[in-house]
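Q: Please take a close look at one part of this model, together with the groups around it. For each descriptive term, I would like the cut-off on which it rests.

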Amino acid sequence: MKSRRLIPLAVALALAAIPAAPAHAGPETAAGSTATEPFCARHKCIALTFDDGPAEYTGTLLKVLKKYNAKATFFMIGNRVRKHPKLAAQVAKAGHEIGNHTYDHKYLTELEYREIYTQVQKAQQIIRKATGKRPVVFRAPGGLYNAGVLDVVGKFGMVQVPGTVATKDYVKDYRKVGLLTRRALEVAGPGEIVLMHETVKETVQSLPAVLERLSKQGYRFVTVSTLMEGEEVTPGQVYPPRPQVVG
Ligand SMILES: [Zn+2]
């Protein structure tokens, strides 16, 4: 095994760090809390994730998230970031995390190793160019990955994050605002990573009600990296290392 794969993600994160406020910066951390415990050890955290952008509704989504002081993770497609670099930069500037979702959303288990590498590398370069940040989280399209995919993901210092629960907004029949709102509230739980799509209008429309309700339940909306803080995470692993609902 190559030694670089043994670098703990915490180190990788530190190396990738940009001199900006931490993703979870809120009134408490901004006040200079001396607590050394990870944010999510002290709070009821949930990580909302939005795939396939930047897209038509990215701007709307950012406004809703801001209103609820929510941070999220956006798994972006490289060729879409290339088309909309300013949107990607806007997302990053707002304190959200950007994850790598390949260059053009190919199902990686159907590709040769070299092609997998190119898919990941191209997206990584484009996202970094647009946002100044190097993604440390990756999501394989369709939740499809194998040992080769994890090897490549590890080489780029990332972890594969399939998502632990999903609203299933990728199912056409589920695309109703009321239903997606209900689904999000049903699957929500402390420490869950919720898979959604920013390309689905009804998902974006359901978000105000979802955020309102979960806020009242005491949830803090954090990025995947914030969720991982304090855990031993190694590049190339699947996070979290337990069975996941994937889409
Ligand atoms: Zn996708």
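A: The account below starts from one strand and follows its neighbours outward.

The model is predicted, so local features are reported at pLDDT of at least 70 and side-chain atom pairs only at pLDDT 80 or more, whereas totals for chains, interfaces and linings use all residues. Residues are numbered from 1 along each chain as its sequence is written, and side-chain values use heavy atoms, with hydrogens and water left out.

The part chosen is strand 1, residues 44-51. Strands here are DSSP runs of E with at least two residues, and helices are runs of H or I with at least four, both numbered from the N terminus. Seven of the eight residues of strand 1 are buried, which leaves the strand mostly covered. Buried denotes a relative accessible area under 20%, exposed one over 50%, and partly exposed anything in between, with a 1.4 Å probe and protein chains only. In a regular strand, side chains alternate between the two faces of the sheet.

Strand 1 pairs in the parallel sense with strand 7 (residues 193-197) over five bridges; two strands count as paired if DSSP finds at least two bridges between them. Within this pairing, T49 is set opposite L195. Three bridges join strand 1 to strand 2, again in parallel, and a further three connect it in parallel to strand 8 (residues 219-221).

The pairing with strand 8 places K44 as the bridge partner of Y219. These two residues also meet through a side chain, for the charged end of K44 sits over the ring of Y219, 4.4 Å from its centre. A charge is said to sit over a ring if NZ of Lys or CZ of Arg is within 6 Å of the ring centre and within 35 degrees of the ring normal. Elsewhere, K122 occupies a comparable position over the face of Y103, at 3.9 Å from the ring centre.

On the strand 2 side, F50 stands opposite F74. The structure holds two aromatic pairs. The rings of F50 and F74 form a tilted pair, because their centres are 5.6 Å apart and their planes stand at 40°. Rings of Phe, Tyr and Trp (its six-membered ring) pair if their centres lie within 6.5 Å; planes under 30 degrees apart are stacked, those over 60 are edge-to-face, and the rest are tilted. The pair links distant parts of the chain, F50 in strand 1 and F74 in strand 2 (residues 73-76), 24 residues apart. Both F50 and F74 are buried.

The rings of Y117 and F156 are likewise tilted, as their centres lie 5.0 Å apart with planes at 50°. Here the linked parts are helix 7 (residues 113-131), which holds Y117, and the loop between helix 8 (147-155) and strand 5 (159-160), which holds F156, 39 residues apart. Y117 is partly exposed at 24% relative accessibility, while F156 is buried at 14%.

The residue E192 touches strand 1: its contacts, not counting residues up to four places away in sequence, include C45, I46 and A47. Contact means heavy atoms within 4.5 Å. E192 lies in the loop between helix 9 and strand 7 and is buried, because its relative accessibility is 17%. Its side chain also makes a polar contact with the side chain of T164 at 2.6 Å. Such a contact is a pair of N or O atoms within 3.5 Å; within protein, one must be able to donate a hydrogen and the other to accept it, and residues adjacent in sequence count only if both atoms are side-chain atoms.

The zinc ion completes the account. Its protein donors are D52 (OD), H101 (NE2) and H105 (NE2), lying 2.0 to 2.1 Å from the ion. Donors are N, O and S atoms within 2.8 Å of the metal (3.2 Å for Na, K and Ca), and sites may look incomplete, as water is not among the atoms. The sequence spacing of the donor residues is D-x48-H-x3-H. H101 is buried, because its relative accessibility is 2%, whereas H105, at 27%, is partly exposed.
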